Amino acid sequence: MRIIMLGAPGAGKGTQAKRIAEKYDIPHISTGDIFRENIKNGTELGNKAKAYMEAGDLVPDELVLELIMDRFEKEDCANGYVLDGFPRTIPQAEALDEALEAKGQAIDNVIDVDVPDEHIITRMAGRRTCAHCGAIFHLEHMPPKIEGKCDQCGGHLMMREDDQPETVLARLKTYHEQTQPLKDYYGAKDLVHSVDGTQDREVVFENVVKILGE
Ligand code: AP5
Ligand code: MG
């Protein structure tokens, strides 16, 4: 099962992708998480990506493609994956299509998590992410059991650097200009299913499962 998550920053792609990965036993591949891990570890890739991410811009396609094509070669991708944050531009989608075609594979479903811009800024202000395992929380909608600590691993909860309101606005602009056109790209292939991402996350997941099958 090969799935792409589409949606604005903060729409809930990561939240749903983690659930999908668990239920269907496929890896969750988040390019944003991979970049953040590289920044944390001070790698060359991380150093190259950092300034773009902090400005709310996209990391150049060639850097993303190199990283993702390597990731697809890992054994855990044999039965598919849920892609979160990739592709994000038409050239990335075309490169993915080409790589899949060469393997005789295809994308099965594109899930578009739909949340209007006006919800996004407040959502981002409340997001907290575990510095250790990457679990996602929200101060209001999904608070941790112990303040500042991850329910899953006890790690320290942090606010993401790019969740400051001015960076969120820049990310939204980038999304509308460069990523939203992918809805039409995959719409033309009849792969897009939209879910209302403003509903409770459990309801969103039930709707995702209706699309993907039990
Ligand atoms: P990335 O990490 O992918 O960020 P993003 O797309 O901006 O999305 P987010 O991770 O912010 O949001 P999300 O949709 O995953 O929401 P979440 O589930 O956390 O990318 C970061 C940066 O990396 C980019 O800006 C770019 O620079 C670079 N990059 C990455 N991939 C790239 C690529 N392919 N090409 C070029 N550059 C790339 O939820 C958000 C909050 O809402 C949480 O607090 C959550 O608890 C809460 N929440 C979730 N669902 C609900 C709900 N139903 N109701 C209420 N609250 C909810
Ligand atoms: Mg995410």
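User: Before we look at ligand 1, which residues count as nonpolar, charged or polar?
Analyst: Ala, Val, Leu, Ile, Met, Phe, Trp, Tyr, Cys and Pro count as nonpolar. Asp, Glu, Lys and Arg count as charged. The others, Gly among them, count as polar.

User: Thanks! With that in hand, how do the residues of the shell around ligand 1 divide?
Analyst: Happy to help, and please keep in mind that this is a predicted model. In it, 34 residues surround ligand 1, and the closest are Thr15, Asp57, Arg88, Arg127 and Arg171. The shell divides into 11 nonpolar, 12 polar and 11 charged.

User: Which residue puts a polar side-chain atom 2.6 Å from an oxygen atom of ligand 1?
Analyst: Let's go through the polar partners of the ligand. Backbone atoms serve a nitrogen atom of ligand 1 at Gly85, at 2.8 Å, and Gln199 also places a polar backbone atom 2.8 Å from a nitrogen atom of the ligand. The side-chain partner of the oxygen atom is Arg171.

User: How much of the area that ligand 1 exposes when taken alone does the protein bury?
Analyst: Taken alone, the ligand exposes 1,000 Å². Of that area, the protein buries 96%.

User: Which elements give two or more residues to the shell around ligand 1?
Analyst: There are helices and a strand to look for here. The helices are H1 (13-24), H2 (31-40) and H6 (117-126). The strand is S6 (136-138).

User: I work with cysteines a lot, so how far from the sulfur of Cys150 is the nearest cysteine sulfur?
Analyst: The structure holds zero disulfides. A disulfide needs sulfur atoms within 2.5 Å. Cys150 is in no disulfide, and its nearest cysteine sulfur, that of Cys133, is away by 3.7 Å.

User: Is Cys150 buried or exposed?
Analyst: The cut-off for buried is under 20% relative accessible area. Cys150 has a relative accessible area of 5%, so this cysteine is buried.

User: Which residue shares a side-chain polar contact with Asp97?
Analyst: Asp97 sits in helix H5 (residues 90-102) and is buried, with a relative accessible area of 15%. Leaving aside neighbours within four places in sequence, Asp97 is in contact with Tyr185 and Lys189. The side-chain polar contact, at 3.1 Å, is with Lys189.

User: What separates the C-alpha atoms of Leu157 and Phe137?
Analyst: Leu157 lies in strand S7 (residues 157-158) and is buried at 9% relative accessible area. Not counting residues up to four places away in sequence, Leu157 touches several residues, including Arg128, Pro144, Cys150 and Phe137. Leu157 and Phe137 are 20 residues apart along the chain, and their C-alpha atoms are separated by 8.4 Å.

User: Which residue does a cis peptide bond join to Phe86?
Analyst: Most peptide bonds are trans. Here, omega is about -5°. The partner, found in the loop between strand S3 (81-84) and H5, is Pro87.

User: What is the phi of Asp190 near?
Analyst: Most residues other than glycine have a negative phi. Asp190 is in the loop between helix H8 (181-187) and strand S8 (192-196), and is exposed at 69% relative accessible area. Its phi is positive, near 65°.

User: And what about Asp25, what is its phi near?
Analyst: Asp25 is found in the loop between H1 and strand S2 (28-30). With a relative accessible area of 67%, Asp25 is exposed. Its phi is also a positive value, near 55°.

Key:
Residues numbered from 1 in each chain as written. Chains lettered and ligands numbered in written order. Predicted model: local features only at pLDDT ≥ 70, side-chain atom pairs only at ≥ 80, totals over all residues. Heavy atoms only, no water. Near = heavy atom within 4 Å. Polar contact = N/O pair within 3.5 Å; in protein donor to acceptor, adjacent residues only side chain to side chain. Areas by Shrake-Rupley, 256 points an atom, 1.4 Å probe, with all protein chains shown as cover. Helix = DSSP H or I, 4+ residues; strand = E, 2+ residues; numbered from the N terminus. Buried < 20%, exposed > 50% of the residue type's maximum accessible area, 1.4 Å probe, protein only. Contact = heavy atoms within 4.5 Å.
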